[in-house]
Amino acid sequence: MSTQDRLPSLGSGLGYREPFRTDLFLRPGAVDFLEIVADHYLDASREKREELELLASQFPLVPHALDLSLGSAEGLDPDYLNHLAELVNQLDPPWWSEHLSLTRSGGVEIGHLSPLPFTREAIDTVCRNVEAARRRIRAPLILENITCPFFVPGAEMTEADFLAEVVERTGCGLLLDVTNLHINSVNHGYDPWHALERLPLERVVQLHFVGGHQEGGTWIDSHSHPAPPEIWALLEAVLAQSPVKGIILERDEALPPFAELEAEVARARTLGKKHGRWD
Amino acid sequence: MLEWLTHNPIADLYGPHFLALYAGVILVTLLLCGILRSFTDPTSGVPLPRIPAEPDPYEIAYLRGGTAELARAVIFHLLQDGYLTVDGGEEHRGKRKPSLIRWRDDAPDPSCLKDLEREVYSWFRRGLTPEQLFQSDYLRRLERHLAPYEERLRQEQLLTVPAQLEQLVRLWCGGMLAIVGLGGYKLLIALSRGKHNVGFLVLLMIVGTVLLTIICSRKGRLSARGQDYLARLQLGFGGLRTRARSAQERQAEPSLLLLMSVFGVTALGDTPFDYYPAMFHRSSVGGSGGSFGSSCGSSCGGAGGGCGGGGCGGCGGG
């Protein structure tokens with residue numbers, strides 16, 4: 001039995017945002033688990049610590065980090081890693097996640113998730129950094145694909161092949177963001193279904209999905225709209241082929257009434273059940 | 001033996017030196033009692049209960065403020081559901097401040113109500129003001145309905161237990177032995193030797209006794225676990241405050257009852273039911289404070305001790 005097989009099936013849930021808090025307690029059956037942004041609870045105030053304690057007492061939590069910068073050639077920020085390790089080890093989740101990206105380079109804070117060059121050197125860097133993180137954090141790490149406003153010149157492989165090789169060499173699972181997959185394919189003019197075929201779907205642990213919006217023909221990953229049919233189609237295709245353990249709706253902006261979010265989460269849950277991912 | 005009782009290092013200690021020593025003994029006694037006091041509540045640090053999937057507003061109101069708060073919650077529910085209505089009172093700065101609660105002419109059939117609700121509903125056949133309600137024995141009639149709430153809250157260790165009160169009394173006695181024992185002994189020695197400049201000694205004894213009593217008094221009906229659990233409910237349901245502002249008066253919005261139960265009547269201040277906190281505030285100002293009355297007193301005391309955690313008879317604030 002592989003590490004991935006031993007992971008529990010969590011079901012369908014939401015990326016936690018503070019405006020959802022009361023609704024989550026008024027309608028506790030709406031979600032099976034919550035994904036928390038780890039950075040919101042690092043070196044946190046008393047209020048945020050109490051909030052985290054409250055959430056952890058009522059829901060399974062999966063921490064999702066933003067700023068570890070796994071693609072940084074200079075290595076991980078030790079201070080950030082210390083705080084992150086303290087948080088994740090304290091929560092003891094079934095897994096935690098971070099992006100395959102760069103947020104820091106040459107000592108400069110970039111301020112957002114930047115794409116990595118799809119090169120073997122970048123893969124070596126990611127492997128070193130993942131190993132450094134593993135030495136401090138017990139829970140399994142899964143890696144997320146990001147939206148790429150541009151592809152770094154000098155690529156030696158496609159994004160899909162890059163993801164496949166990183167996952168193979170690190171042994172990490174994949175957090176497949178189907179919205180990001182779709183946005184990249186539309187914006188860069190390739191077939192998302194072809195990209196999906198080249199991904200190591202057997203390594204997908206968790207899915208992210210949400211809707212974005214278009215500006216001048218370019219899709220923006222704004223997390224601001226319900227998921228469109230194309231995203232649902234990709235989601236279901238992955239569920240049919242991958243031993244997915246959890247799905248998270250990542251809605252951040254233009255928050256609708258909670259019932260609408262609950263409906264999307266429920267639809268994802270139903271799809272997971274349909275394909276035998278959970279009961 | 002008698003010689004030793006009247007002539008020993010303490011008895012013979014020069015006055016000002018003794019006062020310095022005595023002040024130190026009082027300080028150490030108070031510190032020690034303060035530390036030991038924290039051990040008298042065995043629920044401190046016990047993991048909290050989960051917020052239930054279907055929280056009971058009546059149970060929460062009873063947890064927060066006892067019988068009076070429970071009565072307020074039931075009355076509010078009956079108002080929301082159209083069994084009761086409010087009348088009279090005055091207009092003040094464009095806001096209505098009714099004073100009388102009575103049966104609604106077109107009220108639904110009360111046989112659908114729970115026993116507790118039917119009991120409270122029956123009080124208002126001829127109409128009552130909140131002052132009349134709290135100055136009478138109406139709240140005592142709720143006692144037979146309290147047992148299920150009391151039992152559940154005690155099972156969850158959310159209320160202080162008699163054993164804790166006994167420990168506090170023992171702690172107080174121990175502290176008094178040190179403070180009054182030593183101070184009283186020196187006072188007797190001083191007086192027996194014809195010294196009457198004992199004012200500072202007596203003052204220190206009084207101050208020490210008062211501070212000791214404050215430290216050892218029971219801080220409300222909620223245990224440490226109960227207080228933490230209430231804080232957790234308020235954290236979890238804090239968003240109700242925002243959505244309450246958009247509620248309609250005739251709309252039986254269940255979240256308003258939960259809001260009131262978790263935070264008290266003052267939480268209704270920004271809602272169409274803003275007259276409700278005003279009505280019960282007036283009952284606390286105008287009333288003489290009956291058995292469960294408007295002031296923190298007997299209603300909070302129960303088995304003795306200080307005021308209720310969340311609200312006394314009249315204030316019921318959050």
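Which residues line the largest cavity? In this predicted model, the lining consists of A:L100, A:P115, A:L116, A:F118, A:E144, A:N145, A:I146, A:C148, A:E159, A:F162 and A:L163. The space inside the largest cavity comes to about 70 Å³. Helix α6 of chain A, spanning residues 159–170, contributes the most to this lining, with three residues. By class, the lining of the largest cavity holds eight nonpolar residues, one polar residue and two charged residues.

The count of cavities of 30 Å³ or more is two. The second largest cavity has a volume of about 40 Å³. A:T179, A:H182, A:I183, A:G211, A:G212, A:W219, A:P228, A:E230 and A:I231 form its lining. Three elements of chain A each supply at least two of these residues: α7 (178–188), β10 (211–215) and α9 (229–241). The largest share belongs to α7(A), which provides three residues. In the lining of the second largest cavity, four residues are nonpolar, four are polar and one is charged.

Attention now turns to chain B. Its secondary structure comprises 13 helices and four strands. Chain B has 318 residues, and 46% of them are buried. Contacts in chain B were also sorted by sequence separation. Of those between residues at least 6 apart in sequence, 71% join residues at least 24 apart.

Two loop residues of chain B were examined individually. B:L142 sits in the loop between α5 (130–135) and α6 (143–155) of chain B. Its relative accessible area is 0%, under the 20% cut-off, so B:L142 counts as buried. Which residues does B:L142 contact, leaving aside its neighbours within four places in sequence? The partners are B:T67, B:A71, B:L116, B:E119, B:V120 and B:W123. For one of these partners, B:L116, a C-alpha separation is available: B:L116 and B:L142 are 26 residues apart along the chain, and their C-alpha atoms are separated by 7.3 Å.

B:P98 also occupies a loop, between β3 (95–97) and β4 (100–103) of chain B. Is B:P98 buried or exposed? With a relative accessible area of 1%, B:P98 falls under 20% and is therefore buried. Along the chain, 178 residues separate B:P98 from B:Y276. The C-alpha atoms of B:P98 and B:Y276 are nonetheless separated by 8.5 Å.

The last part concerns the interface between the chains. The size of an interface is often given as the accessible area lost when the parts come together. Chain B and chain A bury about 1100 Å² between them. Carbon and sulfur atoms account for 52% of that area. In chain B, the residues that lose the most area to chain A are B:R50, B:R232 and B:L235. Together, B:R50, B:R232 and B:L235 make up 45% of what the chain B side buries. In terms of contacts, twelve residues of chain B meet twelve residues of chain A.

How many salt bridges link chain B and chain A? The count is one. The side chains of A:D23 and B:R243 form a salt bridge, with an N to O distance of 3.0 Å.

Key
Residues are numbered from 1 along each chain as its sequence is written. Chains are lettered from A and ligands numbered from 1 in the order in which they are written. This is a predicted model: local features need pLDDT of at least 70, side-chain atom pairs count only at pLDDT 80 or more; totals for chains, interfaces and linings use all residues. Side-chain values use heavy atoms; hydrogens and water are left out. On a 1 Å grid over the protein atoms alone, a cavity is a set of points where a 1.4 Å probe fits but cannot get out, and a pocket is an open set with protein on both sides within 12 Å along at least five of seven lines; lining residues have an atom within 4 Å of a point. Grid points are joined across faces, edges and corners, and a volume is the space filled by probe spheres set on the points. Ala, Val, Leu, Ile, Met, Phe, Trp, Tyr, Cys and Pro count as nonpolar, Asp, Glu, Lys and Arg as charged, and the others, Gly among them, as polar. Buried means under 20% relative accessible area, exposed over 50%, partly exposed in between (1.4 Å probe, protein chains only). Contact means heavy atoms within 4.5 Å. Buried area is the accessible area (1.4 Å probe) that two parts lose on being put together, summed over both. A salt bridge is a side-chain nitrogen of Lys or Arg within 4 Å of a carboxyl oxygen of Asp or Glu.
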